[in-house]
Amino acid sequence: MGSTDRVLRRTAEAIEHITGICFKTGPPRRVGVELEWTTHLTADPSAYVTAGDLVEALGVHTPAALGNPHPVPLPGGGTVTVEPGLQVEISSAPAGSLAELHTAVTADREALTGLLASRGIVLGDRGLDPHREPRRALDTPRYAAMDRAFDSAGRTMMGSTAGLQVCFDAGEAGQIAARWAALHEVGPALLALFANSPRHGWASARTATWHGIDPRRSGPVPSSADPAVSWAHYAVQAPLLCVRRDQGRWDVPAGVTMADWIEAGGIEGGPVGAGRIGGRRIGPRRQHPPQLTDPVTRPPTVEDLDYHLNTLFPPVRPRGYLEVRYLDTQPGDEWIAPAAVLTALLSDDTLTDRARELAAPAAGRWHAAARSGLADQPVRRAAAGLADLACRHLDRTGLSAPVRDTVTDIVSRRLRDTVPGRQREDVSV
């Protein structure tokens, strides 16, 4: 029996496993990104792209989710994946510097856009699809279970959102807590600075959809002196999204946590859950009777626990490395700006400490940042201070002078907006 087949009998065993894998220590050198876009037909952006359209366009780069068992990486080493609504994503290979990453991802993005253009498909440039209602196109047991468990916010997240994820090494053992805390504390300010999904009065409506999901799954991990333990407790107390089965549906009853499954040694059948934020329902109530799930008659294994960890979506997620998840996708090649700002702020322990000081007045203001963007004054002041600090130290990112100038121009333009497209006073960095 392998280590992943080991049965978990006590919640303490799960916590021990999670704390042992969530942060890999070492010098913080590598950086990576995941770039996600909605996909549209050039002739009619409001029409739905089909899986067949993407398969024809991507050819040998078609991901496994669309039936290709041996996908070929893009020229820069990134791989193509797809989301339930046929959003397309480039997952970069880890790079030794931001400059290396920029070169590789630029090549991959150019290759991807060329492949899609050959079949009349274009990438979207917003964090939330402005043209179509969400529609799930991939039929897998996991996505089907999610679709039945979620209400409108969850289905919008699955089918209409596009984000930018930036990934960093966790750092040496003595650095992890500060780097982890810094990425959370600067989050609201940078979310607002790079908000790119305006709708219904929200600067980042993409973030609003994530807020509409159970906060035990998508809310920030509580702050503490030991982030590994905090993450482990967050994970075992989070509700299960699904349980893999050899046959039938993967659904689980609403509210059952990983800790519940471990301690009970199984899961009773019950009604499928629905998306909520706190005690408030998001979206309309379902008009049909709740569907019932089959019981799970076995205890969970380490493999089940590892799978559960990949169904949790906090703004910053530990995966051995640090995965920043709170940024909207950016138009064109502008992903380099938020990536450069974060890289600069993490490039030196002293800079990281200063970033935390500047971010403190807006730390925790996730809702205000998503709702009002830079119109929220504490968030705006923090964003301006962090932007100035980062842009004065872009030389630490390894980017060439022309790219650094591009980053500064993008950041200066974003600071002139309270929300995308709405001008404010002239501010520069």
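In which helix is Tyr-143 found? Tyr-143 is found in helix H4, and I shall return to that residue after some conventions.

What I present today is a predicted model, in which local features need pLDDT of at least 70 and side-chain atom pairs count only at pLDDT 80 or more, while totals for chains, interfaces and linings use all residues. Residues are numbered from 1 along each chain as its sequence is written, and side-chain values use heavy atoms, with hydrogens and water left out. Helices (H or I, at least four residues) and strands (E, at least two) are DSSP runs, numbered from the N terminus.

Let me begin with the sheet. An open sheet of 6 strands follows the order S3-S4-S1-S6-S10-S9, and its pairing is antiparallel; two strands pair if DSSP finds at least two bridges between them. Strand S3 (79-82) and strand S9 (316-318) occupy the edges, each with a single partner strand, so one side of each has no neighbour in the sheet. On average, neighbouring strands of this sheet are turned by 20° against each other, direction ignored. For such angles, axes are lines fitted to C-alpha atoms, for helices over the stretch in contact, and the values run from 0 to 180 degrees between N-to-C directions.

Helix H13 (residues 336-345) packs on this sheet and touches S1, strand S6 (163-168) and strand S10 (322-328); the direction of H13 makes about 30° with that of S6. Contact here means heavy atoms within 4.5 Å.

Next, strand S1. Strand S1 (residues 31-37) is joined to strand S4 (residues 88-91) by 4 bridges, and the two run antiparallel. Glu-34 stands opposite Ser-91 in S4, and Trp-37 stands opposite Val-88 in S4. S1 and S6 also pair in the antiparallel sense, over 5 bridges, with Leu-164 of S6 as the bridge partner of Leu-35.

How many of the residues of S1 are buried? The count is 7 of its 7 residues, where buried means under 20% relative accessible area, exposed over 50% and partly exposed in between (1.4 Å probe, protein chains only). In a regular strand the side chains alternate between the two faces of the sheet. In S1, Val-31, Val-33, Leu-35 and Trp-37 are buried on one side, and Gly-32, Glu-34 and Glu-36 are buried on the other.

Within strand S6 we find Gln-165, which is buried, with a relative accessible area of 9%. Beyond residues up to four places away in sequence, Gln-165 touches Gly-32, Val-33, Glu-34, Glu-89, Glu-323, Val-324 and Arg-325.

I turn now to the core. The largest nonpolar core, a set of buried Ala, Val, Leu, Ile, Met, Phe, Trp, Tyr and Cys residues joined through side-chain atoms within 4.5 Å, has 118 residues. Among those with the most contacts inside it are Val-166, Trp-335 and Leu-342. Not counting residues up to four places away in sequence, Trp-335 touches Val-33, Leu-35, Leu-101, His-102, Val-105, Leu-164 and Gln-330.

How do the helices cross? The axes of H13 and helix H16 (residues 377-391) come within 9 Å and cross at roughly 80°. H13 is therefore roughly perpendicular to H16; angles under 35 degrees count as roughly parallel, over 145 as roughly antiparallel, 65 to 115 as roughly perpendicular and the rest as oblique. Val-341, Ala-344 and Leu-345 of H13 make the contact with Leu-386, Leu-389 and Ala-390 of H16.

Helix H5 (residues 152-160) has 7 of its 9 residues buried, so it is largely enclosed by the rest of the structure. Its buried residues, including Met-157 and Met-158, pack against helix H4 (141-149) and helix H8 (205-211).

This brings us back to Tyr-143, which counts as buried at 15% relative accessibility. Leaving aside neighbours within four places in sequence, Tyr-143 is in contact with Val-82, Glu-83, Pro-84, Arg-136, Leu-138 and Met-158.

Finally, two backbone details. Leu-86, in the loop between S3 and S4, has a phi near 65°, a positive value in a residue other than glycine, and is buried at a relative accessible area of 1%. His-200 lies in the loop between helix H7 (187-193) and H8. Although not a glycine, His-200 has a positive phi of about 55°, and at 70% relative accessibility it counts as exposed.
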